[in-house]
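Let's take a friendly tour of one protein model. Have a look at the sequence and the 3D view first, then read on.

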Amino acid sequence: MKSTRSYTMGARAQAVADTRRRILETLFDLGRERMFPDISLDDVAEAAGVSVQTILRHFTSRAGLYEATMDHAIAAVTEERRTPVGDVAAAVRVIVDHYEDRGQTALLMLAQESTDPQVAELTRRGRSMHRTWVQTVFAPYAGPRDPVIDLLVVATDVYTWKLLRRDRRYSRARTEQLMHRLTTSILEGAEPEGAPS
């Protein structure tokens, strides 16, 4: 009897966790094509297959849902960008793959950051995450305060991907090739910080 009750409580807790995760992923996915201020709780509820009341029971308010979605987004993107340290080709491939999937979302958020404080906080955290990713992946080539890190942040930034992929309309393969060339050019011309000139 006791084990049956424990199993029931465990299954219920898992169902609650699954519902919460589905709501977060739904809002994150809706953000691929629409501005966050334009996405209502009704929109999220319909897409997630839950009621608005269920959303409020999990997150208390619209602001609570957005804050939790930011944490979910940062964790998801960090995992998607996982890259072997020092592997330049893999780093460029991973970041282009990421922008192919999430680039539109990032560009939409950047377009909203001047008018939406919550989105501005997410883009601030996104910039910090990108810089940390560059510092970690390229650690064998440059220290964290080396100016080369600034150049690598630019070479692997979403705006660089946009300029090549969207504005110049290059293929995904050509975009990756050019971003790899840009990155390796920076690394080839780099001197360790503090080295005599």
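## A serine in a loop

Let's start with S61. This residue is partly exposed: its relative accessible area is 29%, and partly exposed covers the values between the cut-offs of under 20% for buried and over 50% for exposed. Keep in mind that you're looking at a predicted model.

So where does S61 sit? You'll find S61 in the loop that runs between helix α3 (52–59) and helix α4 (62–80). Now look for L41, which is 20 residues away from S61 along the chain. The C-alpha atoms of S61 and L41 are separated by 9.3 Å.

## A stretch with a label

The UniProt record, an unreviewed entry, puts a "DNA-binding region" at residues 40–59. In this model, that span is 80% helix and 0% strand. Its end C-alpha atoms lie 14 Å apart.

## Two helices that pack

Further along the chain, find helix α6 (residues 117–137) and helix α7 (residues 147–155). They pack with their axes 10 Å apart, at an angle of about 120 degrees. How do we describe that kind of angle? Since 120 degrees is outside the 65 to 115 range for roughly perpendicular and isn't over 145, α6 and α7 are oblique to each other. Their crossing is right-handed.

Which residues meet there? From α6 come H130, R131, V134 and Q135, while α7 brings I149, D150, L152 and V153. Sorted by type, the residues of this contact are four nonpolar, two polar and two charged.

Notes. Residues numbered from 1 in each chain as written. Predicted model: local features only at pLDDT ≥ 70, side-chain atom pairs only at ≥ 80, totals over all residues. Heavy atoms only, no water. UniProt positions renumbered as here; feature names shortened; annotations may be inferred. Helix = DSSP H or I, 4+ residues; strand = E, 2+ residues; numbered from the N terminus. Axes fitted to C-alpha atoms, helices over the stretch in contact; angles between N-to-C directions. Parallel < 35°, antiparallel > 145°, perpendicular 65-115°, else oblique. Left-handed = near helix turned anticlockwise from the far one by under 90°. Contact = heavy atoms within 4.5 Å. Nonpolar A, V, L, I, M, F, W, Y, C, P; charged D, E, K, R; others polar. Buried < 20%, exposed > 50% of the residue type's maximum accessible area, 1.4 Å probe, protein only.
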